[in-house]
Amino acid sequence: MLGALRRKVASGRSSASILGKSLQAIRPGVSASRVSSNAGKEMLSVQLRGIAHVQNFSHLVLPGCSAGLTKTRDAICIIQPEAIMQTSCRAFSSGDGDLVDAVVPFMGESISDGTLATFLKKPGDRVKADEPIAQIETDKVTIDVVSPQDGVIQEYVAKEGETVEPGTRVAVISKSAEGVAAAAPTEKKSEKAASEPSPAEAVKEDKPKGKVEASAAAAKPKAPSPPPPKRTASEPVLPPKERERRVPMTRLRKRVATRLKDSQNTFAMLTTFNEVDMTNLMKLRSDYKDAFVEKHGVKLGFMSGFVKATVSALQHQPIVNAVIDGDDIIYRDYIDISIAVGTSKGLVVPVVRDADKMNFAEIEKTINNLAKKANDGTISIDEMAGGSFTISNGGVYGSLLSTPIINPPQSAILGMHSIVSRPMVVGGTVLPRPMMYIALTYDHRLIDGREAVFFLRRIKDVVEDPRRLLLDV
């Protein structure tokens, strides 16, 4: 058979027809329609797998004939290179590096998921690298999803209210606006087509409308419905449901509710009270506030004075800084003061680390920095983790007296309140004094009333006479 094939090539017959008949002889499964005298049409209809067979066949049957090899190669080259490239590259058209994903970042060791609260940008908006495009609400803080690169938001692949985990795709960012610009006309066209009904539908809509009008004209007026029964005096009159709104709780609010209820169920909470004369601390602040701002760049407030007083009280009563763990008591040899901060999204408790090693200026700077981050929603998990004692200042909202709830896993919390001028007996004379009620809620399983009263009395003594801090008395 190989000899016959060589003789046909030598006689000048086309390589394409030779290959066609040879393919019929060797591969009976190939249909006659796939073999024709037109080499171009034959090769365009052959599948890519068939091309490989033709190449192998040409090298097999014509090992030494240059004319046959040349003609076979010419026939194979009739196939357009662009068609082959389009077929092989079509599946990878979106992988040219123009599109990048914005994903949920790592949210902390103790946080496994969060709720996609809101989108800060809209599809089609141009964003810069590290610019927030969405916010995720967790049990403790709100975390931003940022754009990985400069570009245009093509689409959001997640929806508001969904629970997402670290690594979840939130949006697709196009580094160039070509993808968004190409998609926009198509979307507008589809929306326009959907909004315009077809003529057949318009006719169908008109016909029922006429029937309804005719039936309405023929209908007789109905008799008036009987009046509703009158309520008796014993039945309560409830407001209509239309005047109520049901809003799902945020994750932060649910977390706060759970922790406070767990605290109430776990601790044997008891609250003791005292009152503090703020005259000397207010005078100290008034005398040195300008010099303090000039030197340290921060205002002198009352919080630094109460933090220093709390540190002194914890050093005198270390049991208040301890905590119960199972059948053991853990004594903490450090003092980290948590400061309760109320924000529009809920209560957060940032921590002032090693407060016993700070002076007044360092405490004021740290509190101001943490409070600003808490209100801006940029505070991190690490800045709220831990804490051995909490101070809650309800006085900034006008609270006169309260019983704060312990922040677990701590054992006590100090409550500050508003300053009110009240008549007090000083040296046998009744004088107006700026007074503040202070409250200490403590875990009575661990702390006895004696230690709690001594603790609160130490705070009273230091605040009323700040010179005790200098002399350590």
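The second largest pocket has a volume of about 410 Å³. I start there, and keep in mind that this is a predicted model. Fifteen is the count of residues lining that pocket, written 15 in my notes, and Leu284, Tyr288, Phe360, Pro466 and Leu470 are the ones nearest its centre. By type, the lining splits into eight nonpolar, two polar and five charged residues.

Which helix gives the largest share of that lining? It is α10, with six residues. Helix α10 covers 279-296, and both it and α14, at 467-471, supply at least two residues each.

Just past that second helix there is a backbone point to look at. Asp472 sits in the segment after α14. Its phi is near 55°, which is positive, and the residue is not a glycine. Asp472 is exposed, at a relative accessible area of 61%.

A second aspartate has a positive phi too: Asp130, at about 70°, again not a glycine. Asp130 is in the loop that runs between β3 (126-127) and β4 (132-137). Is Asp130 buried or exposed? With a relative accessible area of 57%, Asp130 counts as exposed, because the cut-off for that class is over 50%.

While we are on the backbone, there is a cis peptide bond between Pro408 and Pro409, with omega at about 5°. Pro409 belongs to the loop between β16 (389-393) and β17 (412-416).

Now the chain as a whole. There are 14 helices and 19 strands. Of the 473 residues, 36% are buried. The accessible surface is about 29,200 Å², and carbon and sulfur atoms hold 55% of it. Taking contacts with a separation of 6 or more, 63% are between residues 24 or more positions apart.

Three buried residues are worth a closer look, two of them aspartates.

Take Asp98 to begin with. It is placed in the loop between α6 (81-89) and β1 (99-103). Asp98 has a relative accessible area of 18%, so it is classed as buried, the limit being under 20%. What does Asp98 touch, leaving out residues up to four places away in sequence? The answer is Ile173, Ser174, Lys175 and Ser176. With Ser174 there is a side-chain polar contact of 3.0 Å. As for Lys175, the C-alpha atoms of that residue and Asp98 are 5.4 Å apart in space, while 77 residues separate the two in sequence.

The other buried aspartate is Asp443, in strand β19, which spans residues 429-443. Its relative accessibility is 1%, so Asp443 counts as buried. The side chain of Asp443 makes a polar contact of 2.8 Å with the side chain of Arg445. Beyond four places in sequence, Asp443 touches Phe267, Ala268, Ile324, Ile406 and Ser411.

Last, a helix residue. Ala313 is in α11, residues 302-316. Ala313 is buried, at 0% relative accessible area. Which residues does Ala313 touch, not counting those up to four places away? They are Phe455, Arg458 and Ile459. There is also a distance to note for Phe454: its C-alpha is 8.3 Å from that of Ala313, and the two are 141 residues apart in sequence.

To go back over the aspartates: Asp98 is buried at 18% and Asp443 at 1%, whereas Asp130 is exposed at 57% and Asp472 at 61%. That is what I have for today.

Conventions
Residues are numbered from 1 along each chain as its sequence is written. This is a predicted model: local features need pLDDT of at least 70, side-chain atom pairs count only at pLDDT 80 or more; totals for chains, interfaces and linings use all residues. Side-chain values use heavy atoms; hydrogens and water are left out. Helices (H or I, at least four residues) and strands (E, at least two) are DSSP runs, numbered from the N terminus. Buried means under 20% relative accessible area, exposed over 50%, partly exposed in between (1.4 Å probe, protein chains only). Contact means heavy atoms within 4.5 Å. Accessible areas come from the Shrake-Rupley method with a 1.4 Å probe; for residues, only the protein chains shown count as cover. On a 1 Å grid over the protein atoms alone, a cavity is a set of points where a 1.4 Å probe fits but cannot get out, and a pocket is an open set with protein on both sides within 12 Å along at least five of seven lines; lining residues have an atom within 4 Å of a point. Grid points are joined across faces, edges and corners, and a volume is the space filled by probe spheres set on the points. Ala, Val, Leu, Ile, Met, Phe, Trp, Tyr, Cys and Pro count as nonpolar, Asp, Glu, Lys and Arg as charged, and the others, Gly among them, as polar. A polar contact is a pair of N or O atoms within 3.5 Å; within protein, one must be able to donate a hydrogen and the other to accept it, and residues adjacent in sequence count only if both atoms are side-chain atoms.
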